[in-house]
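Grab a coffee and work through these exercises with the structure open beside you. Try each task before you read its solution.

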Amino acid sequence: MFGWIWRGIRTGVLTTHYPDRPDSLAPAFRGRPTIDQARCHDGACDAAVAICPTQALQSTPQGLRLDLGRCIQCGLCAEVCPQAIRMTPDFELAVQQQCDLVLNVDQIPDEEQVVPVARQALAQRVKDLRRSVHIRHVDAGSDGAVEQEIYALTNPFYDIHRLGLFFTPAPRHADVLLVTGVMTRAMARPLRETYAAMTQPKLVVAAGTAACSGGIYRGSYAVLDGVAAVLPVDVFIPGTPPSPLSLIYGLLLGLGRVAQRVPSQPSEPRENDIVVNPMSEPEGIAHSSVAVGEEDRL
Amino acid sequence: MSSLSRQSVTGEHYQGVPVASLRLDVEKRASSGQRLMMMVGRDAGDSIELLVAFDAGRQIEVLQSVVPMASPHYPALTPVLPAAAWYERELAELLGVQPEGHPDLRPLLLPPDWPRDVFPLRKSFSQRQRPAASSRPRSTVPVTGPGVFTIPYGPVRSGIFETTQFVVATAGEDVLHVDMQPGYKHRGVEKQFELLELEPAVLLAEEVSGTATIAHSMAFCQAVERALHLSIPPAARWLRVLTAELERLYNHFDVIARLCDDASQSVAQAQFAAFKEEILRNNVQISGSRFLRGVNQIGGVCRRPTPGILSRLRHDLGDLQRRSEDRIALLLRTNSFIDRLIGTSLLPNQLAAQFAAVGPVARASGLDRDCRVDRPYAAYDHCDWEVATGPAGDAMERLRVRIQEITQSFGLIAQALEALPAGPLAAPLPQSLPEGIAAFGWAESPRGEVLYWVRLGTEGRIDRCKVRSPSFVNWPLFTRAIAGNVLTDFGFAEHSFGLTQAGCDL
Ligand code: SF4
């Protein structure tokens, strides 16, 4: 016993201070592609679109379009068109609306350009959760790596207890439902039942590219193409798998403790926002948050 | 109408067998001690081709039978070869070929509401189909007796686990019987392969089991490389060894951390979890991904780390090895920990052999099998190391085997860093890809042998890709080893097997 205590002390503090102080993954980390289409020549970008295994990259009359919810960070596009496409270690990719995952390339934020948009409806819903928050994880068809990353959140490097975040096995005590995986057909019912067993207010976080869209399994006979097909999702965290820092960012985004960096798109408030919490969500607020997002972007 | 798969590579021997005498042939091989490696079914147009692959030392011996599509029946092999049980359930469910006389043909992998007469691996079923729900209850093996009750664990489990379901029959403290219902994570992997071209299919192989990225992508690539007679360059061979052993290291540290967690050894848990994290961070330097994605391609590897990164890796791992050996030595002296493992979830040698166990689970039950040595690939035939085995078959022995493998992985990585030559990273793919060629590919993942069988179709597409992970083989053994244990040891038992669900459910 003493041996362990001594070694524990000798190891010292490894824990990150993220998000209070910025942290980063190694520069080699493939977080997301950035695209500067003006630098592309010889139509290499068309080849990049053709090689993208999940159709995350598409060409539209307005230029290239990147769907972060489908991108599996393989880096093939950047290999095919290195002049215009580059992989960055950016990990703060989580968003609050599925449509925000789809970027026209001229919208992709620079490192400095931060767009503070927190959907007010969501903020209202989670304002009671700020102190200590309990998370229930459900796997809806992952490849197993994202579970290891979630498990890593409790290791000494990330230690999310310092942020007041805890895991709980009991749905009734849970504030956040953290769902991983492609959303298999077989898990639709068990997932709905878990959600129903949770009390209000509750947040649903889809963790991983697979949970955002089905990823490379999109379209398969056994897959429903992402968690949003079954539950109202409040936060989407892209990543194959999302790194522990991406998960922390996404969870805090859902709790209104950090701002969304990916630009927000105008959208109608979802029906579900109103159904879930009719008292705390006057329609006007939802609309005004959309207006703010719009102005910031323009 | 496509013809039978052609034998095209050394180390694989196909033998045609009339379906009526298949069972007899299989029985002979089983009683001579050959290990069942895999069963594959393939829609060949007007028939279904059945392959039964046995491990005959350096050679894979394959019995090849044809079942007419018009009447898809054959005599079940499970009665003479228990290890065939799950393969035959899979064949019945996904391909609609009925093994007659099989003792248990409940659905294994498809969703509970899937219609019984729709077979997704038939060519007539298009991947994009999503048939309407039908009601089909799942039953569990009934265990009756006074005071016996059943507890379902899962599919939504308590804690950060992959989804699966165990139905535990107990009379209080002791586990009498466990029935496992996998399949909740079934994603249609094998059908999805048929949609992709060869090169992007490597990315799918990486996502079959995300904690064995290297093993799966390597087994897939090697199957195609063997079918095409591609000889991969030496640098790629050594980089495959390097990354495969990094994968083994982080997975083994993860298993130890989980076991410490089960025993409430929180400091030890934190230490081993931190070791694992250090390796994942090194993986980013090597591959751009914490789980080593984007390393393999058909013909070799995609990238080569710079000399600076490699020398830093050598230094970091040397340091990590020293610290981890100190913690492991202390762990083995921590009685409150090892007392929980000794005698827990015992897997006797005979049972392991009968059910064709693989990986550390097999080796800890005294079976000396490791495909890095048995059928060497990459650069393993140039490596100097020994397979770790142990006779006891309990959770403690599985831990001991993993601990020895950690030491050996550090050694193998050092050898790879030493030997890594200059030169090209990949052999080019040939211009035309002949239709109908097929081959096996394998790799020893941290959990045991990963086996692929790939057959090319027209225009360089994949006609059939059969994936068999070590978890698919070892889960049925887990359910047998846990019987007779107390319920509170469930976590120790499960983590000492160290299996995944993603690789099993496909
Ligand atoms: S990184 Fe891969 S998945 Fe993402 S856009 Fe590029 S090619 Fe597509």
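**Exercise 1. Find which residues make the nonpolar surface patch of about 370 Å², and classify I5(A) as buried, partly exposed or exposed.**

Keep in mind that this is a predicted model.

- Step 1: The patch is built from F2(A), I5(A) and I9(A).
- Step 2: Now place I5(A): it sits in helix 1 of chain A, residues 2-11.
- Step 3: I5(A) has a relative accessibility of 40%, so it counts as partly exposed. That class runs between the cut-offs of 20% and 50%.

**Exercise 2. Describe how domain 1 and domain 2 of chain B meet.**

- Step 1: Start with the bounds: domain 1 covers 1-123 and domain 2 covers 196-468.
- Step 2: Count the contact residues, and you get 32 from domain 1 of chain B and 30 from domain 2 of chain B.
- Step 3: The C-alpha centres of these two domains are 28 Å apart.
- Step 4: On to area: about 2,500 Å² is buried between the two domains, with carbon and sulfur atoms giving 54% of it.
- Step 5: Finish with charges: five salt bridges are counted between domain 1 and domain 2 of chain B.

**Exercise 3. Work out how much area chain A and chain B bury between them, and which chain A residues lose the most.**

- Step 1: An interface's size is often quoted as the accessible area lost when the parts come together.
- Step 2: Between chain A and chain B that comes to about 5,600 Å², 57% of it from carbon and sulfur atoms.
- Step 3: On the chain A side, the top losers are W4(A), Y151(A) and Y221(A), which together make up 19% of what that side buries.
- Step 4: As for contacts, 57 residues of chain A touch 79 residues of chain B.
- Step 5: Seven salt bridges are counted between the two chains.

**Exercise 4. Take the E149(A) and R290(B) pair and decide whether its residues are buried or exposed.**

- Step 1: Check the distance: the closest N and O atoms of this salt bridge are 2.5 Å apart.
- Step 2: For the wider tally, the structure holds 48 salt bridges over all chains. This pair crosses between chains, with E149(A) in helix 5 (residues 145-152) of chain A and R290(B) in the loop between helix 7 (266-287) and strand 10 (296-297) of chain B.
- Step 3: Both residues are buried.

**Exercise 5. Classify each partner of the R106(B) and D104(B) salt bridge.**

- Step 1: The closest N and O atoms here are 2.8 Å apart.
- Step 2: R106(B) counts as buried because its relative accessibility is 13%.
- Step 3: D104(B), at 22% relative accessibility, counts as partly exposed.

Definitions and conventions. Residues are numbered from 1 along each chain as its sequence is written. Chains are lettered from A and ligands numbered from 1 in the order in which they are written. This is a predicted model: local features need pLDDT of at least 70, side-chain atom pairs count only at pLDDT 80 or more; totals for chains, interfaces and linings use all residues. Side-chain values use heavy atoms; hydrogens and water are left out. Patches are made of residues with over 30% relative accessible area and no salt bridge: like charges are joined within 9 Å, nonpolar side chains (Val, Leu, Ile, Met, Phe, Trp, Tyr) within 5 Å. Accessible areas come from the Shrake-Rupley method with a 1.4 Å probe; for residues, only the protein chains shown count as cover. A salt bridge is a side-chain nitrogen of Lys or Arg within 4 Å of a carboxyl oxygen of Asp or Glu. Helices (H or I, at least four residues) and strands (E, at least two) are DSSP runs, numbered from the N terminus. Buried means under 20% relative accessible area, exposed over 50%, partly exposed in between (1.4 Å probe, protein chains only). Domain bounds come from an automatic or database domain assignment. Contact means heavy atoms within 4.5 Å. Buried area is the accessible area (1.4 Å probe) that two parts lose on being put together, summed over both.
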